[in-house]
Each structure stands twice: as C-alpha cells, then as structure tokens.
Amino acid sequence: MDYLHYHFKNHKKPVLLFIHGFLGSMNQWNYLEGELTTQFSVLKIDLPGHGSSLEFSQNYTLTDLVLIIEQILKIEKIDRVHIIGHSMGGYLGAAFAKERPQLTISLTMLNSIAGKDSRQRKLLRNRSIQLIEKHQEAYVSMAIANLFTADEQNVFKSRIKEMKDQANHISIKSIVQALECMRDRESSLETLKDSRMPISYIYGWKDHIILPNQIILERDFLEVEDKKIDSGHMSLVTNVADILKNLRFIE
C-alpha cells in the first residue's frame, strides 16, 4: 500500500500542516519552521517519490493524497489543522480543505492557486513529461533554475544546489506521476468560496510559475486576503522573514 513519509513535532499546541511543492521535500520548511514551533505543533509530509516518501506503485490524484493525509491525522490523533501549502503543496492543501473542511482550520496558499491548470499549462506539463523521459538531469536543472529570479540564483546558490541534488534522486516515474497529478487536478475554488473558510495567499510579484494575476483573480473570486512579496517562486527558502510577517492564522 502506498503511503507518505511524514514528521510530527507535537508541542500540545494547534497543528500546522506543511506541504511542499514539486521537486521539493519537507526539509525546505526548516527555514520557516523554527520560528513557529513556540506557538504550534508541526506536521510535515513528503509528496510521493519526493524526500523520504517512496515511489508510488501507480498514478494518484489529489483525492488519493487527501485520504492518506486524513489517515495520518487519525494516527496522530490530530483533530484539525492549519494548512500551509507551497506550489503543488498548495494544490493539495486546497483539495484537502475542499474535501475535508471539518478537519481544516485555515488555508494559506504560498506561491500557489486553488484553480485547475489552464489549457496552456496542461500543454507545458505534457512537454515536460516528454523531456523528463529523455533528459532527466537537464530537465531537473532547468526546472529548478526557473523557480528562482536571477538575483536569487546568485544569493542562494547553496540552497539551489541542495534542491537540485535532492531532486536528481527522484525517479522519472515519480516526476511524471506528479506532473500528471497537477495537470489533471480539478478546481477547488467553487467549494472553497462556499465554505467561508479563512484563506489567504502569499505570492511573489517576480514569480514566473504562478503569475500574480492568477492570484489576484482567485483572491477577488474568494474575497480573501493576499500579500505580495519581493520574490520568485521559492519564497519558502528565499523570503522566510516576509512569509512570517504575513502569516495569519484565524481560528
């Protein structure tokens, strides 16, 4: 049976669920986590085939991952969580909030959207699948470099190298599965709008992966708060102070 590797630090306080993005791992939250453990317990997961999670035996959907996270909450006797999801982790966080609102206190979307892929994005996913199957290392290097601005690439060289080294250990099958999961996901927007759940967006105005105008459209549709910061796509490793300043957890 497929499962997700996770780590839970139980401080007998409200629980933050951290979900990392494509080609990442739970370790990317380490820069942010330390500043929050005085107020929260922290649950982190690794997406399928990423970090310490094993490759899944078959393709999966966001709903499949929601079910696994729900089982983790039951195992750890966690009643409800604040969710912080980055990029693909935001897609999953939004799906969890949509499908398990009774388990979700709030949702923070970090460089992420709750809607589905556009037609153009789906085509890009398909091209990525074709490329990764022929040139894995070149694809990983290019894909990760594109997550950072030119300035960030100079400032955060060691963190980017660490991310590339880790991503090169992700199997082609796991990368393709993740791309297909993102490509085929459904929108969570309509259900989230009806839920009246506390939702907020934190996004980088230099992000070329999740464009600011996408965030603004969702913000207006959901009638929620957003915070714009000076970053590219990987704000969880480049702009920790800005994220901490703009996090809002509402019970």
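1. A word on surface first: accessible areas here come from the Shrake-Rupley method with a 1.4 Å probe. On that footing, the accessible surface of the protein comes to about 11800 Å², and 50% of it belongs to carbon and sulfur atoms. Please keep in mind as you read that this is a predicted model.

2. Now the overall build. The secondary structure comes to 12 helices and 7 strands. With a radius of gyration of 17 Å, close to the 18 Å that the globule rule gives for 251 residues, the protein is as compact as a globular protein of that length. If you turn the model to its principal axes, the C-alpha trace spans about 45 × 40 × 35 Å.

3. What share of the residues is buried? Buried residues make up 54% of the 251 in the protein. The contacts also reach along the chain: of those between residues at least 6 apart in sequence, 78% join residues at least 24 apart.

4. A good place to start looking is the pair H2 and H3. Helix H2 covers residues 62–75 and helix H3 residues 88–99; their axes come within 9 Å and cross at roughly 70°. Angles of 65 to 115 degrees count as roughly perpendicular, so H2 is roughly perpendicular to H3. On the H2 side the contact is made by Leu-62, Thr-63, Leu-65, Val-66, Ile-69, Glu-70 and Leu-73, and on the H3 side by Tyr-91, Leu-92, Ala-95, Phe-96 and Glu-99. Sorted by kind, the residues of this contact are 9 nonpolar, 1 polar and 2 charged.

5. The pair H4 and H5 is worth a visit too. Helix H4 (residues 119–132) packs against helix H5 (residues 136–145) at an angle of about 140°, with the axes 8 Å apart. H4 and H5 are therefore oblique to each other. Ser-128, Leu-131 and Ile-132 of H4 meet Gln-136, Tyr-139, Val-140 and Met-142 of H5. This contact of H4 with H5 holds 5 nonpolar residues, 2 polar and no charged.

6. Arg-121 is also found in helix H4. Its relative accessible area is 25%, so Arg-121 is partly exposed. Arg-121 and Arg-183 are 62 residues apart along the chain, and their C-alpha atoms are separated by 7.6 Å.

7. Ile-45 sits in strand S3, which runs over residues 41–45. Buried or exposed? At 0% relative accessibility, Ile-45 counts as buried. Leaving aside neighbours within four places in sequence, Ile-45 is in contact with Leu-4, His-5, Tyr-6, Leu-17, Phe-18, Ile-19, His-20, Met-26, Ile-69, Ile-72 and Leu-92. Two of these names may ring a bell: Ile-69 of H2 and Leu-92 of H3 also take part in the contact between those helices. Pro-198, by contrast, is 153 residues from Ile-45 along the chain, with 22 Å between the two C-alpha atoms.

8. Two backbone positions deserve a closer look. Ser-87 is not a glycine, although it has a positive phi of about 55°. Ser-87 lies in the loop between strand S4 (81–86) and H3, and with a relative accessible area of 9% it is buried. Asn-111 has a phi near 50°, again a positive value in a residue other than glycine. You will find Asn-111 in the loop between strand S5 (104–110) and H4; at 0% relative accessibility, Asn-111 counts as buried.

9. Where is Glu-76 found? Glu-76 is in the loop between H2 and S4. With a relative accessible area of 26%, Glu-76 is partly exposed. Not counting residues up to four places away in sequence, Glu-76 touches Tyr-6 and Phe-8. Tyr-6 is also among the contacts of Ile-45. From Glu-76 to His-208 is 132 residues in sequence and 37 Å in space, C-alpha to C-alpha.

10. Last on the tour is Thr-238, which lies in helix H11 (residues 235–238). Thr-238 has a relative accessible area of 13%, and buried means under 20%, so Thr-238 is buried. Apart from residues up to four places away in sequence, Thr-238 touches Phe-148, Glu-152, Phe-156 and Ser-231. Thr-238 and Tyr-31 are 207 residues apart in sequence, yet 9.1 Å apart in space, C-alpha to C-alpha.

Note on methods:
Residues are numbered from 1 along each chain as its sequence is written. This is a predicted model: local features need pLDDT of at least 70, side-chain atom pairs count only at pLDDT 80 or more; totals for chains, interfaces and linings use all residues. Side-chain values use heavy atoms; hydrogens and water are left out. Axes are lines fitted to C-alpha atoms, for helices over the stretch in contact, and angles run from 0 to 180 degrees between N-to-C directions. Helices (H or I, at least four residues) and strands (E, at least two) are DSSP runs, numbered from the N terminus. Angles under 35 degrees count as roughly parallel, over 145 as roughly antiparallel, 65 to 115 as roughly perpendicular and the rest as oblique. Contact means heavy atoms within 4.5 Å. Ala, Val, Leu, Ile, Met, Phe, Trp, Tyr, Cys and Pro count as nonpolar, Asp, Glu, Lys and Arg as charged, and the others, Gly among them, as polar. The radius of gyration is taken over C-alpha atoms; the globule rule is 2.2 Å times the number of residues to the power 0.38. Buried means under 20% relative accessible area, exposed over 50%, partly exposed in between (1.4 Å probe, protein chains only).
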